[in-house]
Amino acid sequence: MLRSNKIMVASAVVVLLGTATLQAQEAGGKPMGSEANNTPRSTQMTDIPYSPETKITVRRQGQIVLIGINRPYLDNRLDPEATDTLAKAYYDFDHDPSLRAAVLFGYGEHFSRGVDVDAYKAMAQAGKKLMDGPGFIDPMGRTKPSLTKPLVVSVHGDTWNMAHELFLVADIRVASEDTNFGQDENTHGRFPGGGATVRFPSEAGWGNAMRYILTGDHWDAKEALRMGTVQEVAPNRDAALGTAVEIAKKIAACGPLGIKSSLASARIAVEESPAAALSKLDEQYRALLMTRDFQEGRDAEAQKRPPVYEGR
């Protein structure tokens with residue numbers, strides 16, 4: 001009976017999730033060629049400072065922003081409030097014209113062990129919904145609107161189930177050598193309901209993804225690098241976060257309009273078809289030719305100086 005109840009609760013979590021769709025460091029518009037977000041407004045993303053009670057932190061660092069999962073006392077499992085806060089952070093980042101890349105990371109011993117089942121059970125019993133209303137971007141990437149700006153993720157320790165699905169949504173992924181990945185829902189009588197059945201085979205290949213989804217076996221950073229789900233492996237948590245931040249800064253130094261167009265084009269190819277993406281390339285490129293950023297790139301190259309892009 002206990003096992004049956006756990007399965008029912010886990011199933012409820014999957015349904016609820018589908019309805020919407022530096023502790024150390026802390027101490028010391030519309031993309032061309034893609035659909036617009038349904039609430040096309042600019043916003044100013046504000047910091048959410050670290051404290052032991054803060055579930056999701058936000059720290060601006062020039063043109064990038066660091067977003068931290070902060071529930072180490074529960075292995076960084078996400079409850080409904082943390083999920084909503086993360087979804088709002090993604091939305092605010094995407095709509096803040098001064099920010100060009102984001103880094104997602106976790107405080108404490110683990111990146112995250114996924115979902116806080118008890119908290120989601122309480123939400124289900126109360127009849128509440130996730131991400132209810134405008135101003136959210138689903139951090140699991142299952143519904144529109146989607147992020148139109150680059151997301152880099154840094155993981156370490158246990159990165160299981162829903163956490164691995166958050167990881168797969170990122171555009172660039174960095175892992176500490178100690179990362180322990182898992183997508184073991186099938187061993188608990190459920191299945192990966194947050195997008196891994198779609199993204200994991202696409203990123204790692206069918207056989208690689210099924211090897212772990214169907215058995216529930218865990219894997220390490222070296223195996224993730226072999227499969228292609230990780231782009232960089234660092235010796236420890238701090239080094240992984242540092243690498244992710246440096247990658248984000250390099251992205252931020254590029255032309256933001258070109259970055260958005262690159263992401264939009266690649267996503268059309270994956271979500272629709274290569275032919276659909278190819279058919280839009282001329283339109284996207286012509287639009288960029290008319291921008292101030294395009295001219296700035298040309299001027300900087302001619303003058304042998306670093307470009308200063310304004311996103312216009």
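Before looking at helices I pinned down one word: angles under 35 degrees count as roughly parallel, over 145 as roughly antiparallel, 65 to 115 as roughly perpendicular, and the rest as oblique. I also noted that I am working with a predicted model.

**Entry: two helices**

I looked up how helix H6 (residues 196-204) and helix H7 (residues 206-213) pack, and got an angle of about 135° with the axes 6 Å apart. H6 and H7 are therefore oblique to each other. Next I wanted to know which residues make the contact. On the H6 side I found Ala196, Thr197, Phe200, Pro201 and Ala204. H7 brings Trp206, Asn208, Ala209, Met210, Tyr212 and Ile213. Sorted by class, the contact of H6 with H7 has 9 nonpolar and 2 polar residues, and no charged ones.

**Entry: aromatic rings**

How many aromatic pairs does a search of the whole structure find? I got 7. I took Phe105 and Tyr107 to begin with: the ring centres are 5.0 Å apart and the planes sit at 55°, so I wrote the pair down as tilted. Both Phe105 and Tyr107 are buried.

Then I went to Phe167 and Phe181, another tilted pair, with 5.1 Å from centre to centre and 50° between the planes. Phe167 lies in helix H5 (residues 162-169) and Phe181 in strand E7 (residues 180-182), so this pair ties together parts that are 14 residues apart in sequence. Are these two rings buried or exposed? Phe167 has a relative accessible area of 0%, so I marked Phe167 as buried. Phe181 is also at 0% relative accessibility and counts as buried.

I followed the pair outward and found one aromatic cluster formed by Phe167, Phe181, Phe200, Tyr212 and Trp219. Two of those names were already in my helix entry: Phe200 on the H6 side of the contact and Tyr212 on the H7 side.

**Entry: charges over rings**

Which residue lies over the face of Phe167? It is Arg173, at 5.5 Å from the ring centre. I also noted Lys149 over the face of Phe93, at 5.3 Å from the ring centre.

**Entry: Leu99**

Leu99 sits in the loop between helix H3 (80-94) and strand E3 (101-106). Leu99 has a relative accessible area of 1%, so I put Leu99 down as buried. Leaving aside neighbours within four places in sequence, I listed the contacts of Leu99 as Met45, Arg60, Gly62, Gln63, Ile64, Val65, Phe93 and Lys149. Phe93 and Lys149 I knew from the previous entry, as the ring and the residue over its face. I also checked Leu99 against Gln61: they are 38 residues apart in sequence and 9.1 Å apart in space, C-alpha to C-alpha.

Conventions: Residues are numbered from 1 along each chain as its sequence is written. This is a predicted model: local features need pLDDT of at least 70, side-chain atom pairs count only at pLDDT 80 or more; totals for chains, interfaces and linings use all residues. Side-chain values use heavy atoms; hydrogens and water are left out. Rings of Phe, Tyr and Trp (its six-membered ring) pair if their centres lie within 6.5 Å; planes under 30 degrees apart count as stacked, over 60 as edge-to-face and the rest as tilted. Buried means under 20% relative accessible area, exposed over 50%, partly exposed in between (1.4 Å probe, protein chains only). Helices (H or I, at least four residues) and strands (E, at least two) are DSSP runs, numbered from the N terminus. A charge sits over a ring if NZ of Lys or CZ of Arg is within 6 Å of the ring centre and within 35 degrees of the ring normal. Contact means heavy atoms within 4.5 Å. Axes are lines fitted to C-alpha atoms, for helices over the stretch in contact, and angles run from 0 to 180 degrees between N-to-C directions. Ala, Val, Leu, Ile, Met, Phe, Trp, Tyr, Cys and Pro count as nonpolar, Asp, Glu, Lys and Arg as charged, and the others, Gly among them, as polar.
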